[in-house]
Amino acid sequence: MHLHHFRAAGVSVVLECPPDALPAILHWGPDLGPLADDALEHLAAELRPRPDQTSDAPIRTALVPEARTGWAGLPGLSGHHQGENWSPAFTAVTCETAGRRLTVTAADPHARLALALTAELDPYGLLRARAELHNEHDLPYTLDALNLALPVPGHATDVLDQAGRWSKERVPQRRPLTVGVHLRENRRGRTGADAATVLFAGTADLGFRRGEAWGLHVGFSGGHRHYAERTATGRTLIGGGELLLPGEIVLAPGDTYRTPWIHATYGRGLDEAARRFHDHLRARPAHPASPRPVVLNTWEAVYFDHDLDRLLDLAARAARVGVERFVLDDGWFLGRRHDRAGLGDWHVDPAVWPDGLHPLVKRVRELGMQFGLWFEPEMINPDSELARAHPDWILRTGDRLPPTARHQQVLDLTNPAAYAHIKERLLALAGEYELDFVKWDHNRDLVDAGSPHRQGRAAVHAQTHAVYRLLDEIRAAHPRLEIESCSSGGARVDLGILERTDRVWASDCIDPAERRQIMRWTAQLLPPELIGSHIGAGRSHTTGRRHDLAFRAATAFFGHYGVEWDLTALTDAELAELAGWIALHKEHRELLHGGVMVRLDDVPDGVEAHGVVAPDGRSALFEIALLDRPATWPPGLLRLPGLDPGTLYRIRPLVPVDSHGAAPAWTSGGAVLPGSALAASGIAVPPLFPDRSALLHLTAVDAPR
């Protein structure tokens, strides 16, 4: 039988795999229920495309769309053998299934190309697929693109993806899905602060808890593309893959290219679509299992001003408030008194650290904290000993250097000598200081990035895979080491880098007014325990805004908690207040980092609300924030979705609510309501000042208070 029906967690995928054509997906979306063979055949007959007014036969769109079928949209495979075989016909096809996994081998005997496809539906309803192209010709094959595409039904009317910039990442943008191509290409050589992240086709009523969404994420940290395409006949696809620069992949006879995984999620609402990513990531064997330690990062506390006595004081105060991981940021290595010099010279600077980092590391561990260190291994300052000794180790095209960014260039890790040097330095420092954690930064785009080692050829693909290999080798040598993906803040957030790291730094902006949106939309891909979320100073270093500690602490509460603040400047009262927030987070982090995310659509004017519900529905935490003064007063009612309808919940504030009017009854801690009533009618929003929030803790009435 050429039809295959995969089902999991409310999702169905129906694939058709004939012996003379590449497999096509006929249905990807809501669960179709169990289907007997004859019913599956009848359904397939309804789902197959029909001839349009310009074709004599149906135009078939495979997982890798082919022009030879009559498809006039974006092709899946673009390339050639010195101008020949630019439109292959994969007709020799075999398909095998194992559980919910389809493995396909296909060949074009004339073009002497072989294509292998894998598509699988995981237990949580997340679909992922990838392709491998093998050149069996005696001529080299120049590969321009290999993209995979998935069908979307015609009632998807909108496109939703993300934009952004430094310190304002993951800004949602939405527009009609019209005839033509909505194309998001990233040529930055890293994921990018302006990446689409997850591109959705959705119904007109799409929200967090309503409508339907079909989303796609390319799990790759170099150049990539996402697109949505609708043809004049109404056929709609979403697709993507690696974005290859000219001449970047030329397959010699016998060579193979493998695409990154594309991950596809369907959901009744964006929350369900996000949950599939979250469940997939949480099921990984390497997913962080221990409680996420509370972090103090020194960057916004001391910047480049590394003074042992000051840092020892900072460490003591960090331990006093409950910090569990102390991370020394930029400024510890040779010549690094500012950002214009030193990158590449990964030796502890004896001018600042005459005894190395050992006095600080020893004290941090005596205080009961882990120790972490900042690196930027992929970058190099022209003003560095390494650049002066090896100018040929810098990515460049021809006889020119790319324009500098942040006074730095990119180290060519495709060069074996450069790779070996950086690997040796990282391993030596990780071993000497028994590092628990590395903040792995990456602060500039790969622009004009050719490799002198590769005769100036474009090197983003090779550089990205070299970084992956380096991370894999560092982790193999130090299995307990945790690594954070940081890239000018949140410019490298993707499932390729997350195969090798333990969390991401979502943004360099920790202003709570901005950070709320960044956290909200980063969570469309990642669960909160993978998103670094810190409490900053009262006056934000990136925006200049001022906020009370309670608002800053509540905003960061739902992520991987941390502090980025000069604690040596705090009073005893401020330290005590901060310690209270950290203790509260530790008390609830099992729920925060293991529950189901809930984001609310229907909120009163000026209000934002979100929460997390325990998988068994027995407890929940919600935050209600007033971000602007509403046009009416009091603010109104807020319905709380995602709870178990039949469970009776006691509602109490997690911290006292700072109301400036008559407080709702639930703020006294005595309200008991069923989940059905909370979802249908809701509770009153407390009368808060702008930039204030309330945290609600809901527990089943037979659970301990």
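**Notebook: cavities in the model**

I looked up which elements border the largest cavity, and I found that helix 9 (512-522), strand 33 (596-599) and strand 34 (607-613) each supply at least two residues of its lining. I note that this is a predicted model.

I then asked which of these elements gives the most to the lining of the largest cavity. It is strand 34, with four residues.

Next I recorded the volume of the largest cavity, which is about 270 Å³. Its lining is made up of 17 residues, and I listed those closest to the centre: Met519, Arg520, Ala523, Phe558 and His610.

I sorted the lining of the largest cavity by class and obtained eight nonpolar, five charged and four polar residues.

I also checked how many cavities of 30 Å³ or more the structure holds. There are six.

I turned to the second largest cavity, where the space amounts to about 70 Å³. I wrote down its lining residues in order along the chain: Gly189, Ser221, Glu378, Val410, His442, Leu446, Gln463, Thr464, Val467, Tyr468 and Arg492.

Which helix gives the most to the lining of the second largest cavity? I found that helix 8, residues 460-477, does so, with four residues.

Lastly, I divided the lining of the second largest cavity by class: five residues are polar, four are nonpolar and two are charged.

As a general remark, I note that a probe the size of a water molecule, rolled over the atoms, shows where empty space is left.

How values were computed:
Residues numbered from 1 in each chain as written. Predicted model: local features only at pLDDT ≥ 70, side-chain atom pairs only at ≥ 80, totals over all residues. Heavy atoms only, no water. 1 Å grid on protein atoms, 1.4 Å probe; cavity = no way out; pocket = protein on both sides within 12 Å on 5 of 7 lines; lining within 4 Å. Points joined across faces, edges and corners; volume = space filled by probe spheres on them. Nonpolar A, V, L, I, M, F, W, Y, C, P; charged D, E, K, R; others polar.
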